[in-house]
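Please walk me through this protein model, from its overall make-up to its strands, loops and internal spaces. I am new to the structure and would like the terms explained along the way.

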Amino acid sequence: MLKLVTLLACAILVLTGCTTAGKRTTPPATSTVVQVPVIVPTHSNPPPRIALPAFRTNEFTETWVLLSRWIQVRGFSPPYRLALGAQPVCIVHTSKGLLILQADSQIAYWDEVELHLGFAPQLVGGQLFIHRLDLLKNLEPLLSEPTAGAKSNRVIVIDPGHGGDDPGAASMDGRFEKQYTLDLALRVAPLLIAEGWQVFLTRTNDVAVSLASRVAFAESRKADLFVSLHFNSNAPDQIAAGLTTFCLTPTGMPSTLTRDFSDDVTLIFPNNTNDVKNWEYAFKAHCALLETHLLADRGLQHARFMGVLRGQNRPSILIEGGYLSNPTEARQIADPAFRQKLAEALAKGLK
Ligand SMILES: [Zn+2]
């Protein structure tokens, strides 16, 4: 499946006559940063609220759903099937984007954006089946219509990762992730304000803030959306590169990333009530950041261990905006113009 999207690019163009990714954003005219309210989180972590996963539809109750049945129920055209590589590839022209699935691969593409499924689709009797949780939590959310009558002056909490005695990843330029996350947060805040958001930051200077305090802060501000900003590292490896956007893993689904933490699929966290909205916002933010053409796509992924996400009672995402362990990306991230472009793309994507 690696580079499958590249192999299929020509086929997609022939089939659709267009491609959706890749509109370059206008370079920023300025890099003005306005002051945002300084609020020091003081609340303790809210008690866990147990809730069942919110399913978008009850039309599919079987564990493995025949792909063609989903396509028929949704009224899409029959899928195209290509024999590329070891396993067949299915291309589905949905109402909102072009979906590419391959048997035995957890990597799918939606409008050329990489999605990491919880379960690899299975080929049985010549028919492709997709796991119900992937359908409900990873594909159906991307078909949703914009919410009508959404309230104005919505509250967003931007969370610059790390701070204080927690520097985060070390960059090859001698600086640390905590400096770049704060700078990015301070850049995106005024842009979000201009878009009509009420914006709060979990920190506005170089202080340590616990994960629990970050969650409690969002709760205290009655946030409608929580966005945690990070930069990645795979040191000493210098090859890993690109943009990753994370959501909490839905209950029942294995995580894409576990980082050696246990990944008990039976756990239900407060933020699991927002599975669908998490994925929607993650997709919007991820697409907008990719459209800058500044970072390669490492996909939308799920993680269960991220304490800053799982206790949230609102849609929440975590963005890893490139690798500080990669010399090229470290140089990019050190460039204020790069961070400004990320900020502008993010503000646009969350519109
Ligand atoms: Zn980090």
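**From the cavity outward**

The largest cavity is lined by L184, L229, L289, I319, G321, L342 and L346. A cavity here is a set of points, on a 1 Å grid over the protein atoms alone, where a 1.4 Å probe fits but cannot get out, and lining residues have an atom within 4 Å of a point. The volume of this largest cavity is about 40 Å³, where a volume is the space filled by probe spheres set on the points, and grid points are joined across faces, edges and corners. The count of cavities of 30 Å³ or more comes to 1. By class, the lining holds 6 nonpolar residues, 1 polar residue and no charged ones. In this scheme Ala, Val, Leu, Ile, Met, Phe, Trp, Tyr, Cys and Pro are nonpolar, Asp, Glu, Lys and Arg are charged, and the others, Gly among them, are polar. Strand β14 and helix α10 (336-349) each supply at least two residues of this lining.

The model is predicted, so local features need pLDDT of at least 70 and side-chain atom pairs count only at pLDDT 80 or more, while totals for chains, interfaces and linings use all residues. Residues are numbered from 1 along each chain as its sequence is written, and side-chain values use heavy atoms, with hydrogens and water left out.

Now the protein as a whole. It contains 10 helices and 14 strands; these are DSSP runs numbered from the N terminus, helices being H or I runs of at least four residues and strands E runs of at least two. Of its 351 residues, 51% count as buried, a term that means under 20% relative accessible area, with exposed meaning over 50% and partly exposed in between (1.4 Å probe, protein chains only). The accessible surface comes to about 15,100 Å², and 56% of it belongs to carbon and sulfur atoms. These areas come from the Shrake-Rupley method with a 1.4 Å probe, and for residues only the protein chains shown count as cover. Among contacts (heavy atoms within 4.5 Å) between residues at least 6 apart in sequence, 74% join residues at least 24 apart.

Next come some of the strands. Two strands pair if DSSP finds at least two bridges between them. Strand β8 (residues 127-131) pairs with β1 (residues 64-66) in the antiparallel sense over 3 bridges, and W64 stands opposite H131 there. Strand β8 also pairs with β7 (residues 122-124), again antiparallel and over 3 bridges, with L123 opposite L128. The hairpin of β7 and β8 has 2 residues between the strands, and G125 takes a positive phi near 60 degrees. H131, in strand β8, is buried because its relative accessible area is 9%. Leaving aside neighbours within four places in sequence, H131 is in contact with T63, W64 and F119.

A second hairpin joins β5 and β6, with 2 residues between them, and D111 in its turn has a positive phi of about 50 degrees. These two strands pair in the antiparallel sense over 4 bridges, and I107 stands opposite H116 in β6. Both faces of β6 (residues 113-116) are covered, with V113 and L115 buried on one side and E114 and H116 buried on the other.

Some loop residues have backbone features of their own. D104, in the loop between β4 (98-102) and β5 (107-110), has a positive phi near 65 degrees although it is not glycine. D104 is partly exposed, with a relative accessible area of 48%. In the loop between β11 and β12 (243-248), P236 follows A235 through a cis peptide bond, with omega near 5 degrees.

H162 lies in the loop between β9 (155-160) and α5 (177-194) and also has a positive phi near 65 degrees. At 18% relative accessibility, H162 counts as buried. H162 is one of the residues nearest the centre of the second largest pocket, along with H230, R259, F305 and E320. A pocket is an open set of points with protein on both sides within 12 Å along at least five of seven lines. This one has a volume of about 390 Å³ and a lining of 22 residues. The elements giving two or more residues to that lining are α6 (211-220), β11 (225-232), α8 (307-310) and β14 (316-323). Strand β11 gives the most, with 4 residues. The lining divides into 8 nonpolar, 8 polar and 6 charged residues.
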